[in-house]
Amino acid sequence: QLALAVATLFIFEVSAQIQETTTNSFSSDLTEKSSFNIGQRAAGTPASIASIDTIWSDDFSDTLNWAYTGGTDEWNIDSSLSQSLISQGFDAQMNSNSGGRFASIDSDGSGSTGVQDAEIEYTGGVIDCSSYPDVRLVFQTYLRQFQEIRQVIVSNDGGIVWDTIPVLTQFGPSISSPNGYTEIVDISAAAGGQANVKIKFRYVGAFDWFWAIDDVRIVSAPNNELALTQEYYNTTTDLTSSTYYKMIPVRQADSSVVNFGAKFINNGVADQPNTKVTASVSFGGSVIYSDTSDSVLSVPNAASAVNFNTMFSASNGLGRYEIQLEVSSDSTDEVPRNNTISNYLEVSGNQYRRDNDTITNDNWFDVTSTWEMLLKYEIYANDTVVALSTFFPYSIVSGRGVNGGDSISYYLYEASDLKNPVASYENYYVQSTDINSWITLPMPVATLTPGIYYAGFKIHNNNSSVGTNSALNAGTAPLTVLLRRNATVASDPWEYTTSFTPFIRMYTKSADACNGVSITIADSVSDSTTFGAIDIQVSGGAPPYTYVWSGPDSFSANTQDIDYLVNRGTYYVTVTDVFGCEGIDSSVVAGTVTVSEINPLNALVLFPNPSDGRVFLKGDDLEQGTYTVAVYSMVGKQLFTQEVDLSNQYDRVFDLSHLNPGMYFITISTRNNEQKTLKLILN
């Protein structure tokens, strides 16, 4: 299997995992993210029909039932979040079943100097769970996570000894929960069968985000409660295929094979015989795939894994494929809403992506210098990459994001060699129109053979963020996202994260990608002076564009506009957009452009070129006398000029390190107006 191979491949290349999410509690509803209500059994209802009893509950309507201490900013019980959170766009009220008052703590509002280690404890008496050996703590919540810690703390001796249980760890950095999300925590080890139970909630943070809770209750564990916890796309033995692509090019979809698998847990207190998972895929309103796993006996508190015998391929063409997996047994499930996981994938002409096109801002790694991030893609059939695209959000709240002038490079690696990219776009300088948007850059033609590849970017500032989506982040598989911080050389180690999936897309070659695309080129020719020039304006297609010029006397260039032309004739340009669509045009230089037959500067060259700023003019047999050296930007702006004696070796050295990286023109002129213009690239 491809994904299994990559896990072995990275033993020596990937040094560590960062910010890994672990789950110590479980949610009633990981897919729908809506509220879940457990009610007390009505009087006279037989226990065989419903086994869930509400043992204790509180909705914060009586503030005297709760005490809170610790930290510079303590818990607060009110009917609204703090104004500092509301001003950032968070909901003012909690979407809880009871409404009204709720408990909350605002770490963000305390500022960069605030530190919280605060608890809120139920002091309205002890809770008697002596008749229930298996119990669950259920509460509704609203939060945004950064690096804080959330815990439920339980005592069974009236508050002398406490047991701590981490909760809500499924939310990664800078991820918001749905408002009214229901969390269910198994507290049987501490509270089951105990008569003197007490509970409290603990928050530990420092300029992080916030936590709100409401409708807290302790309930008996249901008899029959299966929960489908994870779907897989290359069997359950392959942890790196626990998520799938949201969009896959048709050439790859036709060649790929999905091996469905699933994991589930028995959260009830009764055995569940004949437990199985059914998988189905619908396309265009019709079921095109259906299979059922082998049956197993599911025992309480045990997780099980099942695989499917029939493979699936999304080979019905372009469009959306709806996927559903459902766990069931011979018993009627008492909490059915977590029995199903629904997903989808789309087959496209040339777009490969893992994201679902719903952008969440403010997901980043704090770094101090260059950082690089990659996303895994599998190639199942020979293909050609044409472009990469990344979304870089800008946050008004944090001030993080790319800015005009920032340098970005895009890379595509084979998984077997994360030091030498198979294709790259080096040093693209961010434009004002790129801020808070997708930046799509063309990649050099590179044929991809079947295997695993990593596509991504390197950014050179220390205050950026990359877009992600919270609905996907909790399910990011190991070795799907690689990160290299403070990278300076190709041998610097890689890490991996399971905290989020960044918005990095790859585009492959498509026969119909250019259907209906028209690239128009308008030119402006200047040929009434000693040197000619051609400026062009391009419309249509998808920028940024690449340019290839050809002309008289083997002329060639790859800039948008060309100048310092010394030959009359026809100049041809091919403009290619980011997806490989082309436009072709020609321009005629027919005026007074001339070139001297004898030019004493013909032998001059720049060394080194490209340069880090220190440049030397090389050339032999130069005439004695003073020369003028001028430096121009790409748009023809003169940056400075200097009189030098090129017959003197020391006058030939120039320090241009104060200029920004990019391309420049160096023009050397004699007193007789002979000139030579050289191109210089500064790194």
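**A stroll from one leucine to a five-stranded sheet**

Start by selecting Leu318: this residue is exposed, with a relative accessible area of 51%, just past the cut-off of over 50% that the word "exposed" needs. Keep in mind that you're looking at a predicted model.

Where does Leu318 sit? You'll find Leu318 in the loop between strand 21 (303-307) and strand 22 (319-328). Now light up what Leu318 touches: setting aside neighbours within four places in sequence, Leu318 is in contact with Val250, Phe283, Val347, Ser348 and Gly349. Add Pro249 to the selection too. Pro249 and Leu318 are 69 residues apart along the chain, yet their C-alpha atoms are separated by 8.7 Å.

Next, zoom out to the whole chain. There are five helices and 47 strands to look at. Of the 683 residues, 50% are buried. Among contacts with a separation of 6 or more, 75% link residues 24 or more positions apart. Switch on the surface if you like: the chain exposes about 29000 Å², with carbon and sulfur atoms supplying 47% of that.

Now pick out one open sheet, made of five strands in the order 4-7-13-9-10 with antiparallel pairing. Colour strand 4 (66-69) and strand 10 (163-166): these two stand at the edges with a single partner strand each, so one side of each has no neighbour in the sheet. Tilt the view, and neighbouring strands of this sheet are turned by 20 degrees against each other on average, direction ignored.

For a last stop, select residues 116-122 and 198-205. These are strand 7 and strand 13, running antiparallel and joined by six bridges. Which residue of strand 13 is the bridge partner of Gln116? Click Gly205, and you have that partner.

Methods: Residues numbered from 1 in each chain as written. Predicted model: local features only at pLDDT ≥ 70, side-chain atom pairs only at ≥ 80, totals over all residues. Heavy atoms only, no water. Pairing = 2+ DSSP bridges. Helix = DSSP H or I, 4+ residues; strand = E, 2+ residues; numbered from the N terminus. Axes fitted to C-alpha atoms, helices over the stretch in contact; angles between N-to-C directions. Buried < 20%, exposed > 50% of the residue type's maximum accessible area, 1.4 Å probe, protein only. Contact = heavy atoms within 4.5 Å. Areas by Shrake-Rupley, 256 points an atom, 1.4 Å probe, with all protein chains shown as cover.
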